[in-house]
Amino acid sequence: MTKWHGFGRCKTRLSKDIGKSNSAKIQSVITKHTISVAKSLQKTKLIDISIAISGLGEKNCRRWSKQLGIKRFNLQGKGCLGEKMKRQIIVNKKFCKQNKIKNIIFIGTDLPDLCHQDLLNTQRKLQYNDLILGPSNDGGYWLIGLSEKIISSHLYLPFINIKWGTENVLQKTIDNFASMKLRYEFLDKKIDVDTIFDIENRK
C-alpha cells in the first residue's frame, strides 16, 4: 500500500516540519526501499507482489509500477484504510486462487527499518496463526498478515469498528478477534515515519 510521492501530496504532517519537497523525497526513498525488500523475496519465488497505489490515475499508476519493476498493480480507490485493504483482497482473490496463494500480507511504505526477515517471520508465523500484526509506535500497525481462514470466512473482522489514524487501531483490531477462536501473533514494534519526531526517535 503506497501513495504517490507528489509535491504536497504525501507526508503532510512531516512536510510541516521539513517542507513539501523534502517530505516527498523521503516518501520516494522509503517506498523504493520497501519494494526492494519485497522484490528480494519475489526473486526466490517466496512471495508475489501487488502494489496498491493512491494519488495517481490508472495510466500513471501503470507507468510508475513499470518503473518500479512491479508487474501487478491496483488503485486503492476511495474509503478508509480498512475499506481499501478489503478491496485489495477482493481484487487479488482470483490471482491468489490461480497461483495457490493462501495468505495475504499488507505492508505500508512508511518503514525505513523493514527487512526481508520481517516478511519471512510473517510467513512462518502464518503457518500456525490466523493473523499477524506488526505494532507501530503510533498505536497502529506497520504490517498485517491474513491467513486463508480469515480471507475466506472472516474478511470483515480485522477492519470493522476502527477509527483509522488513531492511537488505538492495533487494540481495536485485537478486540475484533476477542469473540472468535482465531489465533494471532505479533512481530517486533517498529517506527512509522510520519512526523519529524519519528525520524528523531530512530537515531
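Student: Looking at this predicted model, which element gives the most to the lining of the second largest pocket?

Tutor: Start with the elements that each supply at least two residues of that lining: α2 (20–42), β2, α4 (81–98), β4 (104–107), α5 (116–125) and α6 (148–153). One of them gives the most, with 5 residues, and that's α4.

Student: What volume does the second largest pocket have, and which residues are closest to its centre?

Tutor: The volume comes out at about 840 Å³. The lining counts 35 residues, split by class into 19 nonpolar, 9 polar and 7 charged. Closest to the centre of this pocket are I47, D48, I49, I104 and I105.

Student: Moving to the sheet with β1, β2 and β3: why is one side of β1 and of β3 left without a neighbour in the sheet?

Tutor: Those 3 strands make an open sheet, with parallel pairing and the order β1-β2-β3. β1 (2–3) and β3 (73–75) each have one side without a neighbour because they stand at the edges, each with a single partner strand.

Student: Which helix packs on that sheet, and what angle does its direction make with that of β3?

Tutor: Get the strands straight before adding the helix: β1 and β2 (residues 51–54) pair in the parallel sense over 2 bridges, and K3 sits opposite S54 in β2. The helix on this sheet is α3 (residues 58–68), which touches β1, β2 and β3. Its direction and that of β3 make an angle of about 150 degrees.

Student: How many residues of β5 are buried?

Tutor: Take the two ways its residues point. L131, L133 and P135 go one way and I132 and G134 the other, and all are buried. That fits the usual rule that side chains in a regular strand alternate between the two faces of the sheet. For β5 (residues 131–135), the buried count is 5 of 5.

Student: And which residue in the turn between β5 and β6 has a positive phi?

Tutor: β5 pairs with β6 (residues 141–146) in the antiparallel sense over 5 bridges, and G134 stands opposite L143 in β6. The two strands form a hairpin with 5 residues between them. The turn residue with a positive phi, about 90 degrees, is G139.

Student: Which residue of β7 does I132 stand opposite?

Tutor: Here we're looking at another pairing of β5: with β7 (residues 184–186) it pairs in the parallel sense, over 3 bridges. Within that pair, I132 faces E185.

Student: Is K100 buried or exposed?

Tutor: K100 is in the loop between α4 and β4, and its phi is positive, about 55 degrees, although K100 is not a glycine. Most residues other than glycine have a negative phi. With a relative accessible area of 75%, which is over the 50% cut-off, K100 counts as exposed.

Student: What about N161, buried or exposed?

Tutor: N161 lies in the loop between α6 and α7, and it too isn't a glycine yet has a positive phi of about 55 degrees. Its relative accessible area is 65%, so N161 is exposed.

Student: L157 is in the loop between α6 and α7 as well; which residues is it in contact with, leaving aside neighbours within four places in sequence?

Tutor: L157 has a relative accessible area of 4%, so it's buried. M85 is 72 residues away in sequence and 12 Å away in space, C-alpha to C-alpha. The contacts of L157 beyond those neighbours are N176, F177, M180 and L182.

Note on methods: Residues numbered from 1 in each chain as written. Predicted model: local features only at pLDDT ≥ 70, side-chain atom pairs only at ≥ 80, totals over all residues. Heavy atoms only, no water. Pairing = 2+ DSSP bridges. Helix = DSSP H or I, 4+ residues; strand = E, 2+ residues; numbered from the N terminus. Contact = heavy atoms within 4.5 Å. Axes fitted to C-alpha atoms, helices over the stretch in contact; angles between N-to-C directions. 1 Å grid on protein atoms, 1.4 Å probe; cavity = no way out; pocket = protein on both sides within 12 Å on 5 of 7 lines; lining within 4 Å. Points joined across faces, edges and corners; volume = space filled by probe spheres on them. Nonpolar A, V, L, I, M, F, W, Y, C, P; charged D, E, K, R; others polar. Buried < 20%, exposed > 50% of the residue type's maximum accessible area, 1.4 Å probe, protein only.
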